[in-house]
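Me: Please take me through this model by question and answer, beginning with the ligand.

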Amino acid sequence: MADITTYGIQGLIVTPTSQEYNGAIARHSATSVLRPAYVVYPTSTGDISLAIKFALDQSPPLQIAIKSGGCHSSTNSSTEGGVVIDLSHYKALKVSGDKQTVTVQGGAIWGDVYTELEKHNLVVVGGNVWFVGVGGFITGGGHSHLSGALGLAVDNLVGATVVLADGRVVQCSDAEEADLFWAIRGGGGQFGVVAEFVLKAHPARASTLVGALAYPAEELPKILELLKEHIKTQSTGSKLVLCFARSPVNFQPSILLLPYVEGTPKDSETSIDKFRTEVQPVFEQLDHVPSFTAVSHASDSFLANSPPRSIFGGVAFGELWDDIITRVYGEWVEFTENEDRKEAMVMWEFGVRDKISEIPSTQTAYALRDPHYYAVFSGRHTQADSDLPTREWIKKMITYVSAENTKRTGKVFRTQMNFAMGPEYTSVEDIFGDNLERLRKVKAKYDPTKVWNKGWVIEPEASG
Ligand SMILES: Cc1cc2nc3c(=O)[nH]c(=O)nc-3n(C[C@H](O)[C@H](O)[C@H](O)COP(=O)(O)OP(=O)(O)OC[C@H]3O[C@@H](n4cnc5c(N)ncnc54)[C@H](O)[C@@H]3O)c2cc1C
């Protein structure tokens, strides 16, 4: 069996004896860390093909994991004893001559993308937090603050370069390898390594109001009443996030409203005026920021001292139902009474949904197209002992909201891969729904032996 150094890989290769190993296996959350035998940092599509070949040449073949920004809540971006293809050194960006598209390599993080695009007065539909990776975000769907106006990240993908399980490098779009192009728009890392994403470019957005308004817990009913009215008429460049968090220093439960409202300072503030006049915030910090780069840094001070273990899970729902949100509030207060778990949060995301739901659920592999809002339950703690209770609490909350949603809408909403805790908690049916059948056919064509077997693994359709 040949040594990895004989394969001609140009990028860095890290093994457990390398000085860089602990840094190479680190992830956004300590709960996502595994111990691979090799971490390969490709600098070209050729390197990616060679890393795949090396893994498959071993006897038995080594498991391969794909890592972009390392932000997914699961351990999907790593492997115990296998090979991680870490794309973080493969992150260049190119704007097309006509400024209509932007080609981004698979290991870029959104902050780098926005910073570069600002020079061209452009933006793309991407993550709201600068350190999230483009690779996981786009292949998982990608809900952005910009989605109200411009749709999901997958709806803004016009082409891609993919390195397949057999090492071939192919271009895909609606015009070539159309099945593959359909599958990577929501199918996660199940079809190959997306080395380059070609995204629609949009003119940079207007200045934006971001920040936080904080209220005492007793104001929840009034805020829900105002919010229910507000979301009926808010503009596509506006989104409000209702957040349950215990704010330092005293860690009393509080209600936060986090606005993302595009427009002049006067217009954007006027649009949320009622949240300052009809109910009184005990604290407010609002800023007008000039660019999406700045938006992506808006939570920096808050995220800077995050506990090392973070576990999140999300659920979509059809309407703002006060009784559900109020019940979850009570459950969250109880859950966060534990000292180590007091930084857990719930975020209810209320943007304009039409642009997402106007796309048929079969048009891309991304299956959640019912008009929806969504909630993210985010456990943040230090002790490993808190992992299981946190996962169980998140699962309980998701099950509750999802069951109520089904009862009230008569429909089963699909789960967002980006916010799913991991394959142990969410099935492939939950994620892909009716698209699973076609995904199994595409899997049989592009990865019949399941080289890509991390995450929500799609069984290839049996031949014959
Ligand atoms: C602070 C924070 C804020 C977030 N906000 C949002 C949000 O607003 N909207 C939203 O939709 N999600 C959001 N997320 C969730 C995030 O989009 C997902 O966790 C996503 O998977 C992260 O992408 P990544 O590249 O950083 O992840 P990674 O953990 O590196 O990758 C996750 C998986 O994606 C696949 N993958 C990654 N890159 C590639 C590639 N190039 N080719 C093929 N497969 C690939 C692999 O299967 C990999 O295991 C947020 C997460 C965090 C931590």
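Me: At what distance does a backbone N or O atom of Gly136 lie from an oxygen atom of the ligand?

Reply: The model is predicted: local features require pLDDT of at least 70, side-chain atom pairs count only at pLDDT 80 or more, and totals for chains, interfaces and linings use all residues. Residues are numbered from 1 along each chain as its sequence is written, and side-chain values rest on heavy atoms, with hydrogens and water left out. A polar contact is a pair of N or O atoms within 3.5 Å; within protein, one must be able to donate a hydrogen and the other to accept it, and residues adjacent in sequence count only if both atoms are side-chain atoms. Between the backbone atom of Gly136 and the ligand oxygen the distance is 2.9 Å.

Me: Which residue has a polar backbone atom 2.8 Å from a nitrogen atom of the ligand?

Reply: An oxygen atom of the ligand is 2.8 Å from a backbone N or O atom of Ser68. The contact to a ligand nitrogen, also at 2.8 Å, comes from the backbone of Val194.

Me: What percentage of the ligand's accessible area does the protein cover?

Reply: Accessible areas come from the Shrake-Rupley method with a 1.4 Å probe; for residues, only the protein chains shown count as cover. On its own the ligand has 960 Å² of accessible area, and the part covered by the protein is 92%.

Me: Which element gives the most residues to the shell around the ligand?

Reply: The ligand is surrounded by 29 residues (near meaning a heavy atom within 4 Å), and Ser68, Gly70, Gly133, His143 and Val194 are the closest. The shell has 11 nonpolar, 17 polar and 1 charged residues, where Ala, Val, Leu, Ile, Met, Phe, Trp, Tyr, Cys and Pro count as nonpolar, Asp, Glu, Lys and Arg as charged, and the others, Gly among them, as polar. At least two residues each come from β3 (64-67), α4 (134-139) and β10, the elements being DSSP runs numbered from the N terminus, with helices (H or I) of at least four residues and strands (E) of at least two. With 3 residues, the most is given by α4.

Me: Why is one side of β5 and of β9 left without a neighbour in the open sheet of 5 strands, and what is the average turn between its neighbouring strands?

Reply: The strand order is β5-β6-β10-β8-β9 with antiparallel pairing, two strands being paired if DSSP finds at least two bridges between them. β5 (93-95) and β9 (169-172) stand at the edges with a single partner strand each, so one side of each has no neighbour in the sheet. Axes are lines fitted to C-alpha atoms, for helices over the stretch in contact, and angles run from 0 to 180 degrees between N-to-C directions. With direction ignored, neighbouring strands of this sheet are turned against each other on average by 15°.

Me: Which helix packs on β5, β6 and β10?

Reply: β8 (157-163) and β9 pair antiparallel over 4 bridges, and Thr161 has Gln171 in β9 as its bridge partner. Helix α2 (45-57) packs on the sheet at about 50° to β8, touching β8, β9 and β10 (193-200), where contact means heavy atoms within 4.5 Å. The helix that touches β5, β6 (101-105) and β10, at about 35° to β5, is α3.

Me: Which residue of β10 is the bridge partner of Ala160?

Reply: β10 pairs antiparallel with β6 over 5 bridges, and Val198 in β10 is the bridge partner of Thr103. Antiparallel pairing also links β8 and β10, here over 6 bridges. For Ala160, the partner in β10 is Phe197.

Me: Which strands are the edge strands of the open sheet of 7 strands?

Reply: This antiparallel sheet has the order β15-β12-β14-β13-β17-β18-β16. Pairing on one side only is found for β15 (283-289) and β16 (309-317).

Me: What angle does helix α12 make with β13?

Reply: β13 (238-247) and β17 (345-350) run antiparallel and are joined by 5 bridges, and Leu242 has Trp348 in β17 as its bridge partner. Helix α12 (322-335) packs on the sheet, touching β13, β14 (252-262), β17 and β18 (373-381), and its angle to β13 is about 30°.

Me: Which residues does the cis peptide bond with omega of about -5° join?

Reply: Pro60 is found in the loop between α2 and β3. The cis bond joins Ser59 and Pro60.
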